[in-house]
Amino acid sequence: MDQDSAHMVVASKVPMLKPGEYEIWRMRIEQYIQMIDYALWEMPITTAEEKAQRRLEVKARSTLMMGIPNEHQLKFNSIKDAKKLLEAIEKRFGGNAATRKTQRNLLKQQYKCNISYF
């Protein structure tokens with residue numbers, strides 16, 4: 001998928017503001033903007049390596065946040081590091097050790113090329 005196609009797919013999923021849900025909408029619109037181009041939201045990063053690493057961090061964190069039920073979104077939004085966010089989610093929702101290991105392995109497989117990141 002080329003970059004223009006990716007932007008069209010993302011554009012179709014713009015979070016809509018619903019009455020009484022401003023805080024969740026604000027959080028999701030920030031994530032949406034970061035997914036398009038994180039530099040729009042934060043200070044520009046100088047090196048290509050830093051840019052690539054930050055892009056992976058934003059993608060991992062946004063993916064984790066999209067999987068959290070709405071009623072828990074605001075509780076986890078303050079955690080900006082993907083690895084710490086995953087730990088907090090596991091602590092809150094994790095089952096027994098075997099279940100946690102299986103869930104972690106599935107997530108690692110999903111981001112296989114970035115396995116050292118998790």
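**A walk through an all-helix chain**

Ser-62 is found in helix 3, and it makes a good starting point for a tour of this predicted model. Is Ser-62 buried or exposed? Its relative accessibility is 1%, so Ser-62 counts as buried, the cut-off being under 20%. Setting aside neighbours within four places in sequence, Ser-62 is in contact with Gln-31 and Met-35.

Let's step back to the whole chain for a moment. There are six helices and zero strands, so, written from the N terminus on, the order of elements is simply α-α-α-α-α-α. Of the 118 residues in the chain, 27% are buried. If you take contacts between residues at least 6 apart in sequence, 39% of them join residues at least 24 apart.

Back to helix 3, where we began. This helix has 19 residues, and from its first C-alpha to its last it reaches 27 Å, close to the 27 Å expected at 1.5 Å a residue. Ser-62 has buried company here: Arg-54, Glu-57, Val-58, Ala-60, Arg-61, Leu-64 and Met-65 are buried in helix 3 as well. That list includes charged residue names such as Arg-54, Glu-57 and Arg-61.

Some of those residues lead us into the largest nonpolar core. Which residues make up this core? There are twelve: Ile-24, Met-27, Ala-60, Leu-64, Met-65, Ile-68, Phe-76, Ala-82, Leu-85, Leu-86, Ile-89 and Leu-107. Helix 2 (22-37), helix 3 (48-66) and helix 5 (82-93) each supply at least two residues of the core, and helix 5 gives the most, with four residues. One core member worth selecting in your viewer is Met-27. Not counting residues up to four places away in sequence, Met-27 touches Met-65, Gln-73, Leu-74 and Asn-77.

Leu-74 also brings us to Glu-23, in the sense of C-alpha distance: the two are 51 residues apart along the chain, yet their C-alpha atoms are separated by 7.6 Å. Glu-23 has its place in helix 2 and is partly exposed, with a relative accessible area of 45%.

Helix 2 also holds an aromatic pair, formed by Tyr-22 and Trp-25. A search of the whole structure finds one such pair. How are its rings arranged? The pair is tilted, with 5.9 Å centre to centre and 40° between the planes. An α-helix has 3.6 residues a turn, so residues three or four places apart point the same way. Tyr-22 and Trp-25 are three residues apart in helix 2, and are therefore separated by about one helical turn. Tyr-22 counts as partly exposed because its relative accessibility is 43%, and Trp-25 is partly exposed too, with a relative accessible area of 23%.

Our last stop is the second largest pocket, which holds about 280 Å³ of space. Its lining has 13 residues, and those nearest its centre are Leu-64, Leu-86, Ile-89, Gln-103 and Leu-107. Helix 3, helix 5 and helix 6 (97-110) are the elements that give two or more residues to this lining. Which of them provides the largest share? Helix 5 does, with four residues. Leu-64, Leu-86, Ile-89 and Leu-107 may look familiar, as they also belong to the largest nonpolar core.

Notes. Residues are numbered from 1 along each chain as its sequence is written. This is a predicted model: local features need pLDDT of at least 70, side-chain atom pairs count only at pLDDT 80 or more; totals for chains, interfaces and linings use all residues. Side-chain values use heavy atoms; hydrogens and water are left out. A nonpolar core is a set of buried Ala, Val, Leu, Ile, Met, Phe, Trp, Tyr and Cys residues joined through side-chain atoms within 4.5 Å. Buried means under 20% relative accessible area, exposed over 50%, partly exposed in between (1.4 Å probe, protein chains only). Contact means heavy atoms within 4.5 Å. Rings of Phe, Tyr and Trp (its six-membered ring) pair if their centres lie within 6.5 Å; planes under 30 degrees apart count as stacked, over 60 as edge-to-face and the rest as tilted. The expected span of a helix is 1.5 Å times one less than its number of residues. On a 1 Å grid over the protein atoms alone, a cavity is a set of points where a 1.4 Å probe fits but cannot get out, and a pocket is an open set with protein on both sides within 12 Å along at least five of seven lines; lining residues have an atom within 4 Å of a point. Grid points are joined across faces, edges and corners, and a volume is the space filled by probe spheres set on the points.
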